[in-house]
Amino acid sequence: MTATSSRQFVLPVAQAQTSLARDAILHSGNAGVIVERTGQLRAEFRSEGRQFARELSEYINTRYAGIVSVFVYEETFGVKDRLHWLMHISSLHAYETLVQMGSQDAGWRDIIMRQRIPDERGGGSWDRMFVDGGLQETVLIPSAFGMYGTSSSTPDSVTTTPDGPATFTVPVARQQTDVPVDEQLDSTTCGILMHRVGELRYEFRAEGRAFARALCESWNRALAGHATIYLYEEAFGRSDRIHHFIHLKSLSSYYTLMGVRATSDPATREVFTRQWIPQEKGGGGWERMFVQSSLTDLALTPQHWGMYATTSEE
């Protein structure tokens, strides 16, 4: 066996997709809004489509630094050639700035309108690369106590003015845990991003969110250095559908996550065994809170050059 063949491949994290410095990047821990855009590539244009996705993302990253950071991911074990863009935006206010791209940004329009498919394959721009009707978006905001009955008093994140209605300031996701920021993983530093979705029953919407936040903090403390978990809400999608982003250091870190699930550590087990639902609602644990069969997991791998016939950056 040669030295080259025995060399272990280390999957590049999403942060490697951009030329920006770390402190200029928005990610799952410090963004006020995350827009997850998914698109299904046609198999014949899988290489061109990935090159388009990466080029457009890096243009946005450098042109709109501090407003939005965009990174591209593949489904690790799901549908092949389905891409996921995570658009990390500073706030909903900042999203309005991005709307101007379509009509005022000549560089963005050049990338979108450019002919990317060679004439011998029929020619065309990005729109030929994707399955029609396959582009979808989900808008996520970090979960915060005070939303949906999770706090019995007005939280500090609510501000009022004498001449207007109250405003809610959403804390960023990395504030959900007391694990030091420099020990947290996020969407740009993790090797695998697990996206867990669950739909809460309306009657347990407050208890379910309290459980989800407690689970995050329990696992964050137990898995420090191996995984970091944040909780998000859908801003404009289905009511009471919540999202966990489970940032794993690597795919093999899933074994560590399994170990935490199986541990007899009292603090970890207490979150799963606690009776979260009050007796006046019938009592019970976390398993009563969710719509049956609504919990799903999806693993995402940061896209990197060389995957699926994309051109190497050498």
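**Reading the pocket, helix 2 and the cores**

Modeller: In this predicted model, the lining of the largest pocket comprises two nonpolar, ten polar and eight charged residues.

Biologist: How much space lies in the largest pocket, and which residues are the closest to its centre?

Modeller: Rolling a probe the size of a water molecule over the atoms shows where empty space is left. Here the largest pocket holds about 510 Å³ of space. Its lining has 20 residues, and Glu-36, Thr-38, His-84, Thr-138 and Leu-298 are the closest to the centre. At least two lining residues come from each of strand 1, strand 3, strand 4, strand 7 (192-199), strand 9 (241-248) and strand 10 (296-302).

Biologist: What span should helix 2 have, and how many of its residues are buried?

Modeller: An α-helix has 3.6 residues a turn, so residues three or four places apart point the same way. At 1.5 Å a residue, the 18 residues of helix 2 (residues 46-63) should span 26 Å, and the end C-alpha atoms are indeed 26 Å apart. Because 13 of those 18 residues are buried, helix 2 is largely enclosed by the rest of the structure.

Biologist: Which residues of the largest nonpolar core touch the most other members?

Modeller: Among its 28 residues, these are Ile-60 and Val-68. Several elements each supply at least two residues of this core, including strand 1 (33-40), strand 2 (68-75) and helix 5 (106-113). Helix 2 gives the most, with five residues. Leaving aside residues up to four places away in sequence, Ile-60 touches Ala-65, Val-68, Val-70, Met-101 and Trp-108. Another core, of 24 residues, lies apart from this one and includes Met-194, Ala-212, Val-260 and Phe-290.

Conventions:
Residues are numbered from 1 along each chain as its sequence is written. This is a predicted model: local features need pLDDT of at least 70, side-chain atom pairs count only at pLDDT 80 or more; totals for chains, interfaces and linings use all residues. Side-chain values use heavy atoms; hydrogens and water are left out. Helices (H or I, at least four residues) and strands (E, at least two) are DSSP runs, numbered from the N terminus. The expected span of a helix is 1.5 Å times one less than its number of residues. Buried means under 20% relative accessible area, exposed over 50%, partly exposed in between (1.4 Å probe, protein chains only). A nonpolar core is a set of buried Ala, Val, Leu, Ile, Met, Phe, Trp, Tyr and Cys residues joined through side-chain atoms within 4.5 Å. Contact means heavy atoms within 4.5 Å. On a 1 Å grid over the protein atoms alone, a cavity is a set of points where a 1.4 Å probe fits but cannot get out, and a pocket is an open set with protein on both sides within 12 Å along at least five of seven lines; lining residues have an atom within 4 Å of a point. Grid points are joined across faces, edges and corners, and a volume is the space filled by probe spheres set on the points. Ala, Val, Leu, Ile, Met, Phe, Trp, Tyr, Cys and Pro count as nonpolar, Asp, Glu, Lys and Arg as charged, and the others, Gly among them, as polar.
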